[in-house]
Structures are given as C-alpha cells and as structure tokens.
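Settle in with your viewer open and a colouring scheme you like. We will go from stop to stop, selecting a few residues each time and looking at what is there.

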Amino acid sequence: MLSAYPDFTNFNNLLIQTGIAGEFNKKHRVTVLVVANSNMAAVNGVSKDAMKEVLGVHVILDYYDEAKLKQLQTKQATILTTLYQESGRAKNQQGFLNMTNTGNTPVVFASAAPGSKLDCTLVKQITAQPPKVSVLEVSNIINIASIPNSASYLPDASAPKLRKALAPAPSRAEAPAVPQISPTKPPSANANAPAPASTSSVVSLPSRDYLASTILMIFSWAWLLLPMV
C-alpha cells in the first residue's frame, strides 16, 4: 500500500528491513502511523533492534481512520495497544500509545511510557482498506523515552556539532612556581621574657707560662728582700 507513495519510501523500507511489515500483515485490523521522508532524521543511527521497537509502537492493533478519530471524545485520552506491546519485550508501558483529541488541535499521539513527550500530531489519512488496514501520516517519530538508543536519545539533527576543546598542558617554562614554605618555629612559652645573656663572649685568661713566670719573679724578689728585713 505504501509503495504507491514516494514520500514514505524511507519508512516503508524500514518496515520491511526490520520485519515489522511481515508481522502486521498477519493481523486482522491494524493502523500504521507513517512519517514522511523529510521527518525521519530522528532515527538516523538507531540500532536495528531499537528501530524495530520504535516502529512497532507505530503499528496500532486496531482500525482507526479519520472518521473514527472524529468520534473520539474531546480531551479524553484513549490508550491503544501496539505491535511492540504484543512482542512481550515492552516495559514500563512502552508498548501502549496515548491518543488524545485535544479539541483545538489535531489528534495527538504519544507513548504511554514515563518521560515521553506529547509532540506527535496527526497530519492526514494516506489510505485505508476498511475495516482491516488504515495508514495515517503523523508529524514525526513518536518519542519513546524508555527505549535505549531510540529517537529520544539522539541529538537534534539540525543542531551544530560542537567539538570539546581541551586546554593545553602547561610547559615546564609556563608552569607556575610552587612557593617554598618554611616551617614555623613554635613560640616560646614566655615570649615577653628578656633574652638570656649571650654566652658567645670569651673572657681572656692568662696562659699557664705567664703565671709560672709571674710566680717565679715574686719568689726571686722575696729572696732578695729577706736579708734586708
């Protein structure tokens, strides 16, 4: 059915490559939410396993066309079961879709998984084979925050890629000198006490030979003066 619409060749090829097309072709009633080629950048680089999970969320296991969507109650969410939920690999409500008719804007689709964004809106109906198959175009890939490597984990394709600049290592000449810190002596117990007298001064004392000569001279004079007394 999609081969007749060149605007959806990328989405159609992914359905075939991941085996999703073969799985939902066996179902009695399905609704496929397709995304135009120009809005597929969000899944570039996603692994094959993660891609299969993401695409499985875009296959609703029930029939919904524009006429049936208009019958939805305004501002009341409808929880839908998807092909990914049926696979048994979904966790934390990953395999369910929240479909809401807001009243002011087109019908909104979002994953029921915690943290998913309500940012996918209905564009128009592409084709249908009531009551078995309906193909609806949506604005973008449905964000599924709980699936690793899914669209919600990829950077915006339009955002510029920034290269992290690393600061060059300083050379030896440019390296800052480490200040030398001298250990500080602890203060004296009595900081205000006067400094003791210096013991470095030396008292000059007579030598041993000088003393001997002096004593000998005294005895000689005493010997001479003795007869005169």
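How many cavities of 30 Å³ or more does a search of the whole structure find? The search finds 1. Before you go there, please keep in mind that this is a predicted model.

**Stop 1: colour by confidence**

Colour the protein by pLDDT, which averages 76, with 64% of the residues scoring at least 70. Select β1 (30-34), the element with the highest mean pLDDT, 98. Then pick helix α6, residues 208-225, where the mean is 63, the lowest among the elements of the protein. Now select residues 149-206: pLDDT stays under 50 over this stretch, and the model has 21 contacts for it beyond four places in sequence.

**Stop 2: the largest cavity**

Show Ile20, Glu23, Lys52, Glu53, Gly56, Leu83, Tyr84, Ser87 and Arg89 as sticks, and you have the lining of the largest cavity. The space in this cavity is about 40 Å³. Which element gives the largest share of the lining? That is α3, with 3 residues. Helices α2, α3 (48-57) and α5 (83-86) each supply at least two lining residues. Colour the lining by residue type and you will find 4 charged, 3 nonpolar and 2 polar residues.

**Stop 3: the largest pocket**

Next, select Met1, Leu2, Phe24, Asn25 and Val133. Of the 14 residues that line the largest pocket, these lie nearest its centre. Two or more residues of the lining come from each of α1 (9-17), α2 (20-24), β1 (30-34) and β7 (133-138). The volume of the pocket is about 230 Å³. As for residue types, 9 of the lining residues are nonpolar, 3 are polar and 2 are charged.

**Stop 4: strand β7 and its neighbours**

Stay with β7 and hide everything else for a moment. Bring back β1, which runs parallel to β7 and is joined to it by 5 bridges. To see one pairing, select Val32, whose bridge partner in β7 is Val135. Now add strand β6, residues 120-129, which runs antiparallel to β7 and shares 6 bridges with it. Here Gln125 has Leu136 as its bridge partner in β7. Follow the chain from β6 to β7 and you pass through a hairpin of 3 linking residues.

Are the two faces of β7 buried or exposed? Turn the strand to check each side: Val133, Val135 and Glu137 are buried on one, and Ser134, Leu136 and Val138 are buried on the other. With 6 of its 6 residues buried, β7 is therefore largely enclosed by the rest of the structure.

**Stop 5: zoom in on Leu136**

For the last selection, take Leu136 in strand β7. Its relative accessible area is 1%; the cut-off for buried is under 20%, so Leu136 counts as buried. Which residues does Leu136 touch, leaving out those up to four places away in sequence? Show Thr31, Val32, Leu33 and Val34, then Tyr64, Asp65 and Leu69, and finally Leu122, Lys124, Gln125 and Ile126.

To finish, draw a distance between the C-alpha atoms of Leu136 and Val35. They are 8.7 Å apart in space, while 101 residues separate them in sequence.

Terms used. Residues are numbered from 1 along each chain as its sequence is written. This is a predicted model: local features need pLDDT of at least 70, side-chain atom pairs count only at pLDDT 80 or more; totals for chains, interfaces and linings use all residues. Side-chain values use heavy atoms; hydrogens and water are left out. On a 1 Å grid over the protein atoms alone, a cavity is a set of points where a 1.4 Å probe fits but cannot get out, and a pocket is an open set with protein on both sides within 12 Å along at least five of seven lines; lining residues have an atom within 4 Å of a point. Grid points are joined across faces, edges and corners, and a volume is the space filled by probe spheres set on the points. Helices (H or I, at least four residues) and strands (E, at least two) are DSSP runs, numbered from the N terminus. Ala, Val, Leu, Ile, Met, Phe, Trp, Tyr, Cys and Pro count as nonpolar, Asp, Glu, Lys and Arg as charged, and the others, Gly among them, as polar. pLDDT is the predictor's confidence in each residue, from 0 to 100. Contact means heavy atoms within 4.5 Å. Buried means under 20% relative accessible area, exposed over 50%, partly exposed in between (1.4 Å probe, protein chains only). Two strands pair if DSSP finds at least two bridges between them.
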